[in-house]
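Dear colleague,

Please find below the structure that I am handing over to you. A short account of the findings comes after it.

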Amino acid sequence: MRDNDPWDTIRSLAALFAEFDAERGLGAEEQWTLQVLKLSEEVGEAAQAVIGVRAANPRKGRSHDWEQVQEEVVDAVITGMVALTRMRPDDAPEFFASVLARKSAAFLPRTDPHDDDPVVTSR
């Protein structure tokens with residue numbers, strides 16, 4: 001990793017991939033489309049690894065272990081972060097944080113700063 005902030009690395013990757021795609025003559029929306037398709041591919045690889053760890057394909061048997069599944073999940077997360085950064089280069093980390101806060105509020109209790117009792121939001 002380049003430094004302690006993963007978003008710096010993600011920004012560098014996003015810029016590099018955007019440059020490659022621009023050299024190929026791809027416009028922004030086409031680049032974004034292909035990046036989202038890449039995300040789908042990475043999720044598929046994670047699913048394939050789970051099938052392998054569960055030996056669910058009788059032709060292949062147990063072909064993966066859980067660490068390989070975890071690495072495929074990380075690949076999907078990285079690809080998703082790169083996709084978001086390519087679409088929102090100026091505010092991807094902030095947008096991510098705001099969406100995470102909004103979506104997690106349905107599941108996680110929040111604490112009112114004026115009260116020590118947790119406040120559970122509607123689910």
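The notes below cover a buried threonine, the nonpolar core, the largest pocket and two further residues.

This is a predicted model, in which local features need pLDDT of at least 70 and side-chain atom pairs count only at pLDDT 80 or more, while totals for chains, interfaces and linings use all residues. Residues are numbered from 1 along each chain as its sequence is written, and side-chain values use heavy atoms, with hydrogens and water left out.

I begin with Thr85, which is found in helix 3 (residues 66-87); helices are DSSP runs of H or I with at least four residues, numbered from the N terminus. Thr85 has a relative accessible area of 4% and is therefore buried (buried means under 20%, exposed over 50%, and partly exposed in between, with a 1.4 Å probe and protein chains only). A polar atom of the Thr85 side chain lies 2.9 Å from the backbone oxygen of Met81. Leaving aside residues up to four places away in sequence, Thr85 touches Trp7, Ile10, Arg11, Ala14 and Ala92, where contact means heavy atoms within 4.5 Å.

The largest nonpolar core consists of 7 residues: Trp7, Ile10, Ala14, Met81, Val82, Leu84 and Ala92. Such a core is a set of buried Ala, Val, Leu, Ile, Met, Phe, Trp, Tyr and Cys residues joined through side-chain atoms within 4.5 Å. Helix 1 (6-23) and helix 3 are the elements that give two or more residues to this core. With the same sequence neighbours left out, Trp7 touches Met81, Leu84, Thr85, Ala92, Pro93 and Phe96.

The largest pocket has a volume of about 220 Å³, and 13 residues line it. A pocket is an open set of points on a 1 Å grid over the protein atoms alone, where a 1.4 Å probe fits, with protein on both sides within 12 Å along at least five of seven lines; lining residues have an atom within 4 Å of a point. The volume is the space filled by probe spheres set on the points, which are joined across faces, edges and corners. Phe17, Gln35, Lys38, Thr79 and Val82 lie nearest the pocket's centre. Helix 3 gives the most to the lining, with 5 residues.

Finally, Val36 is in helix 2 and is partly exposed, at 39% relative accessibility. Ala55 is found in the loop between helix 2 (28-53) and helix 3, and is also partly exposed, at 37%.

Yours sincerely

Methods:
A polar contact is a pair of N or O atoms within 3.5 Å; within protein, one must be able to donate a hydrogen and the other to accept it, and residues adjacent in sequence count only if both atoms are side-chain atoms.
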